[in-house]
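Please read the following report alongside the sequence and the model. It begins with strand pairing and then turns to packing, loops and the wider chain.

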Amino acid sequence: MAENQQKLIHTFGALAELGSEVSQKQNFQEMMRTSLHLLLGSLAIMRGGIARYSRYGHELNMLVMRGLGDDFPLSLSLCYEDERQFLVNDLYPIEVAQAKVLPFFQIYDQSFEKKRIELLVPLVIRDEIVGVILLGEKANGEAYSGYDKEIICAMARHIGVGIAQRNMMAELERRSDENRKLYDDLRMTYKDTVKAFAAAIDYKDKYTEGHSVRVGKYSEIIAQELGLEESEVEGVAVAGYLHDVGKLTVERNIINAPYRINAKESAELNKHPAVGYEILLPIHHPYTDVPLAAKYHHERLDGRGYPDGLYDKEIPYIAKIVNLADSFDAMTTDRPYKRRRPANEVIEDLQRNAGKQFAPELVTAFCRGMLKEVTGESKDKRFRRLLGREYMEAEGIVPILKNALNGMNATSSLTFVSPD
Ligand SMILES: [Fe+2]
C-alpha cells in the first residue's frame, strides 16, 4: 500500500511537472525532450520517442528519441487505415504485439521488434492526430498495467496539447505572413493607383509636366525630415500626389493659358481645391487627411489663402506640408509666363515667407534636408533628382541655406546651424 502511494505521488509529481513544462513557452524541442524524460522516468521505461504528425505528408517525424539508436527510422508513414484506427483509439495506448493487422505495424515490425517497442500512444487532440509516443519495455521487465496506461494516457494528453499548440502557432505565423503579403500587395496597388492618378492630373497641364509627382516627392521629403512615422510619411506623399486632383474638372484652356489668366478664369481655377476634396472624400484612403490636404493646400498661415482664408492653426498640418512642396515646385520649374527662379532666390523667398505663407518649422525641415544633401552629409539624391545637379550646385547655396536655417523663427523644433 505504502509503495503504491509513493508511486502515485511520484507519478502525479511528474504529471504536474509535465503540465507546467508544456504551458511554458520555451524552446519546443527542449520541451519535448523534457516531457519524454519525465514520462520514461516516472514509469521506469527503458526507451521511447515522440513523433509529430504531418497531415500533409501523412507521416510521423521523430522529434525526440531516447535509447532508440541511430538506426531507428526518423520518419514513419501512415496510411488511411492506420490514421482511422489511431483516431478511434484516442489517447489510449495500443499494444504493438496485438496491432499487427494494421499496415503501419507490418511495415515497421522489424524496427519495433529490434528496439522492443511495446506501446504506441496516438496523440489525438480535438479529434486530430498530432503525433504519437512510442514506448519500449519497462526496466523491471513487467508488462504495462492498466494503471500504467492511465498514467501514460494523462501524460500523453499534456504532450499532445504541447504539439497542438505548437502547430497552432505555426499556422498563425503562416497566416499572418500571408496577411502581411496581401496587405503589402494592396498597398502597392494603392500606391500605383495614386501615381497613375497623379500622372493623369499632370497630363492635363502641359506646362507643368510632372508637377503632382514632384509635389508628392517634396512632401515626402518634408515628412521624412520631420521624423514622422513611415505610414504618416506615406500619407503625406499621397496627399502631395493627389493635391491637384480637382484640376481634372477645370477646363484645359484655363490650365494651359500661356498668359496670366483673368479674374473669371482665376475664379474657375480656384475651385479646384474644393472639387479635389469632393473627389477624394468618398475614397477609402489608408491615411485620413488626404482629402483635407487637397482642400486646403492653397491656404496661408496669414489667412490670405483660399478657399476659406484659414489662419495658421486652423490649417491641417498635412495641407501646410503640401502647400510648401507645391509652392517650391512652382518656383523651381518653368512656367509659360515665367522662368524657373535660381535656387538662392527661392530659398530666400521661403525664408521671407516663413510665418506668412509657410509654417516655419516646415521650411526649416525642407532647408535642412536640402543642406544635408548639398554638403554631402546625406548620400540621398532626392533633391538632385528632382531639380538637376547643376541647380543644386549653385554658388553660395550652402551659406544661404545655413542663413535661412539660423534666421528662421520657427514655432517648433528649430535646428540651429552655426554660420561658418
Ligand atoms: Fe493647387
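## Strand pairing at one end of the sheet

In this predicted model, strand β2, which spans residues 59-66, is joined to β3 by three bridges, and the two strands run antiparallel. Within this pairing, Asn61 has Ser75 of β3 as its bridge partner, while Glu59 stands opposite Ser77 in β3.

Strand β2 is also paired with β1, again in an antiparallel manner, and here seven bridges join the two strands. Asn61 of β2 appears in this pairing too, as the bridge partner of Arg52. The residue thus takes part in a bridge with Ser75 of β3 and in a bridge with Arg52.

## The sheet as a whole

These strands belong to an open sheet of six, arranged in the order β3-β2-β1-β6-β5-β4 with antiparallel pairing. The edges are taken by β3 (75-77) and β4 (94-95), each of which has a single partner strand, so that one side of each is left without a neighbour in the sheet. As general background, the strands of a sheet pair through backbone hydrogen bonds, and this pairing can be either parallel or antiparallel.

## Helices against the sheet

Helix α2, made up of residues 28-42, packs on the sheet, where it touches β1 (48-54) and β2, and its direction makes about 65° with that of β2. Helix α3, made up of residues 80-89, lies across β4, β5 (119-125) and β6 (128-135), and runs at about 80° to β5.

## Loops with positive phi

The hairpin of β1 and β2 has four residues between its strands, and in it His58 takes a positive phi near 50°, although His58 is not a glycine. Is His58 buried or exposed by its count of C-beta neighbours? It has 14 such neighbours inside 10 Å and therefore counts as partly exposed, since that class lies between the limit of 12 or fewer for exposed residues and that of 20 or more for buried ones.

Asp127, which is not a glycine either, has a positive phi of about 60°, and its place is in the loop between β5 and β6. With 7 C-beta neighbours inside 10 Å, Asp127 counts as exposed, because a residue with 12 or fewer falls into that class.

## A cis peptide bond

The peptide bond that joins Tyr306 and Pro307 is cis, with omega at about 10°. Pro307 is found in the loop between helices α12 (290-296) and α13 (317-332).

## Domains and helix α17

The protein chain is divided into domain 1, covering residues 2-174, and domain 2, covering residues 187-407. How far apart do the C-alpha centres of domain 1 and domain 2 lie? The separation between these centres is 67 Å.

Arg389 is found in helix α17, which comprises residues 389-392. Arg389 has 10 other C-beta atoms within 10 Å and is therefore exposed, as the class takes in residues with 12 or fewer. Between the C-alpha atoms of Arg389 and Val374 there is a separation of 9.9 Å, with the two residues 15 apart along the chain.

How values were computed:
Residues are numbered from 1 along each chain as its sequence is written. This is a predicted model: local features need pLDDT of at least 70, side-chain atom pairs count only at pLDDT 80 or more; totals for chains, interfaces and linings use all residues. Two strands pair if DSSP finds at least two bridges between them. Two residues are in contact if their C-beta atoms, placed from the backbone, lie within 7 Å. Axes are lines fitted to C-alpha atoms, for helices over the stretch in contact, and angles run from 0 to 180 degrees between N-to-C directions. Domain bounds come from an automatic or database domain assignment.
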